[in-house]
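This briefing covers a single protein model, with points grouped by topic. Please look over the sequence and the structure before reading on.

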Amino acid sequence: MVEFLRGVGNFRYILGMERNTQFVGQSTAFLDSVERASRAAPMGRPVLVIGERGTGKELIAERLHQLSRRWQEPLVTLNCAALPESLIEAELFGHEQGAFTGATRSRAGRFEEADKGTLFLDELATLSMGAQERLLRAVEYGEVTRIGSSRPIKVDVRIVAATNEDLPRLAEEGRFRPDLLDRLSFEVITLPPLRVREGDIRVLSDYFGRRMAAELHWDAWPGFSDRAMAALEDHQWPGNVRELRNVVERAVYRWDNWEMPVAHVEFDPFDSPWKPQPMPRAAEPGASVRPAEQPAAPPALDQITDLRSAVDAHEKAILENALARNRFNQRQTAKALGLTYDQLRHCMKKHGLSERG
């Protein structure tokens, strides 16, 4: 299913089969990746999905499965980094009773569970060389052998694998089998990070904000203020879409007045004036004590032509940010800024911040 939500001067694309497996965006880089996955889906060949954390690698795997001829068969997922090396092969290929300590009964592996369907291997680069060798045989010959057995089992499984590592470099360094890389890379889909998806931060922020507002039973969605949206668009998003969703939903649920645009976003949920401070390390005997680091020099200010206006604007921005961080509790804000309550009230009146918003 493809929905089109008309925006201002463009289309916002929401592609997906279910609420939790949707792609949202309009940038060319994003649409090219989704289109490549759609073209590769019916082929039934292995696909590698490359991308930073939070870019939607698992969603691409689900799309590859749902648009394939195997869509009615199982989609089995295994995070290769979630299991110790001693168990990963048993999890992938299964084991017979008594094959190792703790194997009290026979168990089918993920390959057998995914027979006729798709097996999604996340964090592929974390597989040991031994597991890579067995995986290569399974891909090449379509058969697996349970640990503790000598009888191969035929399986018909499509492999979709994902990683945030540079696999060709790992192969050159001897940390990933080049022959396995060749077998798995019929198609390689590299997902763009959010910071290069032009226009998508605004679209995604609106999408996640509306969903959160609906969950909170707001009567309407007020959107974000210009300053809050500018902050969202300026952020580098190392956690990509997953991080953006958390930031937007947190900002919406903390905002109390749905009649006004959401004006504050917090990128670091651990930021607090009461954050625990690290204990100072005891100096080693004979070690010289380094002087405290000086604050960084201020940026070039040669563009300022009105000193009073610049100082007032900076002071107002500090007050607005501190008030929002402290949930508009004026006494806590005053304490966080090292002011008395009366001093804070004077500053708020000076900048027209006596009323919230």
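The largest cavity in this predicted model holds about 140 Å³ of space. The count of cavities of 30 Å³ or more comes to one. Notes on the cavity, the overall fold, the cysteines and four loop residues follow.

**Cavity**

- The lining of the largest cavity is made up of 12 residues.
- Nearest the centre of the largest cavity lie Arg-254, Trp-255, His-264, Ala-324 and Arg-327.
- Which helix gives the most to the lining of the largest cavity? Helix H10, spanning residues 240-254, does so with four residues.
- Sorted by class, the lining residues of the largest cavity are six charged, five nonpolar and one polar.

**Overall fold and surface**

- The secondary structure of the protein consists of 13 helices and 10 strands.
- The protein has 357 residues, and 40% of them count as buried.
- Among contacts with a separation of 6 or more, 68% are between residues 24 or more positions apart.
- About 21,400 Å² of the protein is exposed, and 49% of that area is supplied by carbon and sulfur atoms.

**Cysteines**

- The count of disulfides in the model is zero.
- Cys-80 has a relative accessible area of 4%, so it is classed as buried.
- Cys-347 has a relative accessible area of 15%; this value is under the 20% cut-off, so Cys-347 is buried too.

**His-95**

- His-95 sits in the loop that runs between helix H3 (85-93) and helix H4 (110-113).
- Is His-95 buried or exposed? His-95 is buried, because its relative accessible area is 9% and the limit for burial is under 20%.
- Apart from neighbours within four places in sequence, the contacts of His-95 include Phe-100, Ala-103, Arg-105, Ser-106 and Arg-107.
- Ala-90, Arg-146 and Ile-147 are also among the residues in contact with His-95.

**Pro-74**

- Pro-74 belongs to the loop between helix H2 (57-66) and strand S5 (75-79).
- The relative accessibility of Pro-74 is 31%, so this residue counts as partly exposed.
- In sequence, Pro-74 and Glu-113 are 39 residues apart, while their C-alpha atoms are 7.6 Å apart in space.
- Glu-113 is one of the residues in contact with Pro-74, once neighbours within four places in sequence are left aside.
- The other contacts listed on that basis for Pro-74 are His-65, Ala-114, Asp-115, Gly-117 and Thr-118.

**Positive phi angles**

- Most residues other than glycine have a negative phi.
- Lys-116, a residue other than glycine, has a positive phi near 75°.
- Where is Lys-116 found? Lys-116 is in the loop between H4 and strand S6 (118-122).
- With a relative accessible area of 44%, Lys-116 is partly exposed.
- Glu-123 is a residue other than glycine with a positive phi, near 55°.
- The loop that holds Glu-123 lies between S6 and helix H5 (129-141).
- Glu-123 has a relative accessible area of 25%, and is therefore partly exposed, as the class for partly exposed residues lies between 20% and 50%.

How values were computed
Residues numbered from 1 in each chain as written. Predicted model: local features only at pLDDT ≥ 70, side-chain atom pairs only at ≥ 80, totals over all residues. Heavy atoms only, no water. 1 Å grid on protein atoms, 1.4 Å probe; cavity = no way out; pocket = protein on both sides within 12 Å on 5 of 7 lines; lining within 4 Å. Points joined across faces, edges and corners; volume = space filled by probe spheres on them. Helix = DSSP H or I, 4+ residues; strand = E, 2+ residues; numbered from the N terminus. Nonpolar A, V, L, I, M, F, W, Y, C, P; charged D, E, K, R; others polar. Disulfide = S-S within 2.5 Å. Buried < 20%, exposed > 50% of the residue type's maximum accessible area, 1.4 Å probe, protein only. Contact = heavy atoms within 4.5 Å. Areas by Shrake-Rupley, 256 points an atom, 1.4 Å probe, with all protein chains shown as cover.
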